[in-house]
Amino acid sequence: MTLLWGFLWGVAAVATIAGGAILGVWWERKVSARIQMRYGPQQIGPFGSLQMIADVPKLLFKEDIVPALADKAIFKYAPLFVFGPVAVSMVVIPFTAGWAPLNTSVGVLFFLAVPSIEVIAILLSAWASHNTLSTLGGLRATAQMISYEVPRSLAVLAIVLLAGSLRPLDVVAAWRWWWMPLTFVAFVIYFVASIAEMNRGPFDIPEAESELVAGYFADYSGMRWASFMMAEYGAMIAASLFGAALFFGGGWPFGGALGVITLIVKAILIMTAIMWVKWTFPRLRQDQLMSFCWKALTPLALVQLVVVGVVLVWL
Amino acid sequence: MTEQTIVNIGPSHPSTHGVCRVVVTLDGEIVTHAEPIIGHLHRGIEKMAENRTYLQVVPLTDRLDYVGSMYANWAYCRAVERLAGIRVPERAEYIRVIVCELQRIASHMMGIGSTGADTGAFTAFMYAFAQRDHVVELFEALCGARLTYNYVRPGGVSMDLPEGWVEKCRAFTAQHPSAMLELDRLLFGNVIARARLKGVGVLSAEDAVAWGASGPTARGSGVDWDLRRDDPYSVYPRFDFQVPLGENGDSYDRARIRLWECVESCKIIDQALDQLEPGLVKAEGLPRLLAPRPGDAYDHIESARGSLGVYLVSDGTPRPYRMKVRSPAFCNLALLPLLAEGHTLSDLVVILGSLDPVFGEVDR
Amino acid sequence: MAVKREDIITPATVSDEYAPGAKGFLQKVSSLVTGLGITARISTEKPVTIRYPAEKWTVSPRWRGALHLRGVLGRDEIPLIRHASDIYNGVIEDLYKGERLPPCVGNCPANVDARGQGFLVAEDRIPEAYELVRDRNILPGVLGRICHHPCETACRRNFYDEPVAIRPLHRFAYEEFQKVAAERLKPLPITQKQSVAIVGSGPSGLSAAYDLMKAGYRVVMYEREERPGGALNTGVPAYRLPRDVLYSEIDGLVALGLELHCGIEVGKTKPLSALQREHDAVLLAVGLQESRILPIPGHDAEGVIGALEFLWAANHKGETGVRGKRVFVIGGGNVAVDVARCALRTGATEVRLASLESSEELPAHPWEIEEALDEGVIATCSVGPEEVLTEGGNVVGMRVRECLSVFDETGRFAPKFGEGLSDFACDVVVFSIGQAAKLDSLIAGTELLVSGRGQLVVDGTHFTTSAAGVFACGEVVTGPGSAIGSIATGHEAATSILRFLRGESLTEDRTPRPVPVYAKYAVADVSGVERSRRRSIMPMARAEDRAKDFRPVELGLTHQEAMIEAARCLRCQSEICVGCTFCARTCPDYAIQVERVDEPGGRCLTRYDLDLSKCAFCGLCAEQCPTNALTHTGQYELSFFHRDLLIFDKGEMLRSGEGTRATGRDGVMPPGCPVPPRREQ
């Protein structure tokens, strides 16, 4: 029975992420277009909103190219393992007060831990491509994603400390509006670290198109490439939703269905901010990226943690 | 020292500005040696010129530096004019100055934009290209082409300015400097961009001179050398303008000099438009088939990339006996191994971008 | 945050550094905020790209796209040669000097604009074509059947395959014009006080009348016969020219304001001097009325008849009295052939045509002879008439002498006869050896002079006679000739009359009709030329059927055939492209291939290939073109499925500049592209 439910949730999560990725790509194209003085998609559907619907069959029917020297089995299945963890991590998101698809006592930990499996898949795909640029990208990605786990977890820890629970529903329930100013720095750290986690600009060093062409997925095409892209957008959606839930009180000030909508609106705002940042800033170099992580973000997150601790004591 | 990796950057790569192949020896991510392998765009233009009449060579020069066709046109035409003793009407000289300064803006927009793109700031690239497009539209109205203009001809220019062009040009120069200021804040003021560009690929003034660098590449190292001012040609002495200089000779200085040169170019264009008077745009009495007396001529101009020279030898026939192009992009690109050593792969791309080579001119 | 232009000052050094310490940190953070602010501000502005398709893409009027060649067999409007009679010759001469005269126009005695006709018919502007032709050829419908078409002889299409069927197109234009004749034939306004009398309603008289009417004069025409038409009415056999065509065309002129009086023989019914009194000028276009008959033995016997009389009888009575008889026709000209064919149609059992000239030299048009032979006429060439054999005053035979040569070395008529004699049995002998004018009664009572041989004294250039205000034209001046030749003299005489009536000098600033010389084309080898490119076949009645009666032999072209035929016209000399090949020579990429033929009358471009896979759109060719025949189109985004399609041949180059292969359809231009104005030279 549990297995069946799990399977159904999995299907729903995949569908949600796929649909979300489609909308996310459209939204990103529109946002980036406006930032760059363009219109973006405008031909298919109202404001080009059906553009991605047209793109999906294109991706499905594209030739699936496997490089001759690639490690075929790993090359073919690595994209699944990139996409899978992101989809799974969605289940713990508290969509509204009192309801999450999977209500587990270690939900926050689950959300932080499971997507990290992606690193292995990225490394595998990079390695399997048998391509110098891909390998470089994969190595960069590994270093970057593992490093940024630390400030990200520390930032979330501030909220967990305040709520006193790792259960996302409990966190949402305990959330108070004054947490927002208190944990603003934590949110910024979470925001930055999440961007780095999902390999988006200005931290898209693993896939830096001006240096590594497309990094670890340079050799992928068609639907396999699309699963990398969906993983990126899935991670963006998951991080936005989770950030909105933890740092902005989920559906607060509403409950029920209106709460879900409020959460989604908050998530979209965070997502737009992620895009805004990507389309404004240049990319860091990887040594700068690492030093930024260890020398700036991690200490800052620790300071935030201390501040929260002091506040807790003072309360 | 770990095992070294050899990575081929290019010839088909997003950041090679054309078709350059750089064979990079990597120690981890650190470049121990970078060797540009040129010739992928070699078309033998200098040799082809020997089989073309003097007029037919003009479209060939378009294809040298395809980002700045006007310069190659002009340099070639100056050499032909020197060879054949043609006096260019004053209006034509003014028009040449105007179009070449516009071309400098268009070319520098490409350079700045690719600096942005190389560092990942794609939006800065788009802003620069929007400015470039204004120039290209001006050129299209001027001569009908957006890229290979074939506009400057021996003896003048091919067509007079169309009606309303001067106003359009003034409208462009009015808005361009403030757009540049904004781009300066967005890109060169940004902390990440500074982190990526500052101290990367430092070129000393001595090296710049020794390697024959010119243009923004040399000026970024503080070499105060601009042919427009130091070997004045055409009507440049009549204009008041400043030559921006760098101090450190790093990628940041090279890239940012281009931005301020555009602002200075706007100044020159405004002055030229003020002084522009009606008249002929092409020397009178030119034969359909130019056949200069036997002899040779060299002339150079300050192109967007540096000192662009054309050497022509005539044997009295309607076709040049020999044409040689001294291309600044080639000389500047030669600096790449020197500059890239010890930097990371990411920096290599930035350094290459800051040299702003155009491979049509490098390979010829 | 608008920054003033003056405030933007280039820094002395571009190496900008952040301040050290906390201030620098603030600068760093604020740089991020500034960047986000800039992108946020710009995202609220209107994008600089276009919103497709609501906003249209515009390109500069100086665009350089694929090339378009104009004026070589193009669809472009060609200049029609259409001027008043008195300046027409000058126009023709200017065209001729400028090598712009089409051979067909030059070769026509009346310089009919056959090229313009071809253009207008191809455009389906047929009434206009008719009117264009009528300006110079007063009876297009008639001449469209009987003309000996020197235009077709000179047609440059001969060089490639077969000439354009100019004459059948005249006829076709006439037939189409009849449908709209009622609305297009309106009386011409009479604006002048003076009036002109014309004696004779033959082609020359009619054309002079039309020219004068167009100039606003009242024209009164007198005709001896009951029906108008002159020699066309009396002489030309009905199987070649149905009379209703002739009459309806003349009726058209009457509708335009011509006062025509038939059945009045000037000199008998009304004296010429009366006309001189009533009118300000008189034009004698009386033609030739008398057949010449050789004074050989037996020429006065019963059964010897002149050609004109024979044809008159055939045309008016339909009966020549030769039914069941053998007819011997003397003469080798077109009239002789007409006589022979008429004789067959009126029931002769055997018709023999005896000519002095050999079969190659026959003055009759070869197609006439061929048609006659088809119908059963027997030709006996290189014989001269010796004696009419008579028996009791009736003709029983003809004796002829062998003829060795007709012309001497200088080309003069000086027949040399041999010894051989031969007899042919026959019942009727028709002399068709020329005609003469019969002027005695006409000129009686006037001061007009007649030469010793009975010919009117006329200035052959200005068509004046010895009496002031009396002019002459047509065959009475030129001697026997073609209808179109007579028409030409009619125009010249009209020019003289106009000058006379206006009181101008007849000679001053007057251009005599230039007579251009055009190469005669050998018959081209048409094997392998696809049928669609060749001349339309004129439908004809079967030879065995047509020899029995006077129904027309040629049946005419259908509308579609005519338009196809007219489109075959090369529109010589209307081209803008002069085939200088400058474009090919200036092309830096050798993308243009030009081939041309050089001919006495002018150049003709036979090949123009542009290889767009080589073309760099540099524009040098269009710039070098001395006549602006080569222009740029707005299509510079070209792609094709096949490499072959990148080569634009002449046809493609000539397609309207807006639509070539590049767009796949005609008439498509990038939006916002005005047609480029022609460059000033």
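Me: What is the area buried between chain A and chain C, and which share of it do carbon and sulfur atoms give?
Reply: This is a predicted model, and the contact in question takes twelve residues from chain A and 17 residues from chain C. Arg34(A), Met37(A) and Tyr39(A) supply 45% of the area that chain A buries against chain C, which is more than any other three residues supply. For the two chains taken together, carbon and sulfur atoms give 65% of a buried area of about 1,400 Å².

Me: How many residue pairs are in polar contact between chain A and chain C?
Reply: Salt bridges do not add to this interface, since the rule finds zero of them across chain A and chain C. When both residues are required to have pLDDT 80 or more, the count of residue pairs in polar contact is six.

Me: Which elements of chain A give two or more residues to the side that touches chain C?
Reply: The residues on this side of chain A divide into seven nonpolar, three polar and two charged. The elements that supply two or more of the residues touching chain C are H1 and H11 of chain A.

Me: Why does the distance between the end C-alpha atoms of helix H1 of chain C agree with its number of residues?
Reply: Helix H1(C) covers residues 21-44, which makes 24 residues, and at 1.5 Å a residue the expected span is 34 Å. The end C-alpha atoms agree with that expectation, because they lie apart by 35 Å.

Me: Which helices do the buried residues of H1(C) pack against?
Reply: The buried residues of this helix are Gly24(C), Ser31(C), Gly35(C), Leu36(C), Ile38(C), Thr39(C) and Ile42(C). Their partners belong to two other chains, with helix H5 (122-143), helix H6 (165-188) and helix H7 (191-197) coming from chain B, and with chain A giving helix H1 (2-35) and helix H11 (256-278).

Me: Is helix H14 of chain B largely enclosed by the rest of the structure or largely open, and how many of its residues are buried?
Reply: The buried residues of H14(B) include Leu345(B), Asp347(B), Val350(B) and Leu355(B). Just after the helix, Asp356(B) takes a positive phi of about 50 degrees. Helix H14(B) is largely enclosed, because the number of its residues that are buried is eleven of eleven.

Me: What percentage of the residues of chain A count as buried?
Reply: Chain A has twelve helices and zero strands, and among its contacts with a separation of 6 or more, residues 24 or more positions apart account for 76%. Of the 315 residues in chain A, the portion that counts as buried is 56%.

Definitions and conventions. Residues are numbered from 1 along each chain as its sequence is written. Chains are lettered from A and ligands numbered from 1 in the order in which they are written. This is a predicted model: local features need pLDDT of at least 70, side-chain atom pairs count only at pLDDT 80 or more; totals for chains, interfaces and linings use all residues. Side-chain values use heavy atoms; hydrogens and water are left out. Helices (H or I, at least four residues) and strands (E, at least two) are DSSP runs, numbered from the N terminus. The expected span of a helix is 1.5 Å times one less than its number of residues. Buried means under 20% relative accessible area, exposed over 50%, partly exposed in between (1.4 Å probe, protein chains only). Contact means heavy atoms within 4.5 Å. Buried area is the accessible area (1.4 Å probe) that two parts lose on being put together, summed over both. A salt bridge is a side-chain nitrogen of Lys or Arg within 4 Å of a carboxyl oxygen of Asp or Glu. A polar contact is a pair of N or O atoms within 3.5 Å; within protein, one must be able to donate a hydrogen and the other to accept it, and residues adjacent in sequence count only if both atoms are side-chain atoms. Ala, Val, Leu, Ile, Met, Phe, Trp, Tyr, Cys and Pro count as nonpolar, Asp, Glu, Lys and Arg as charged, and the others, Gly among them, as polar.
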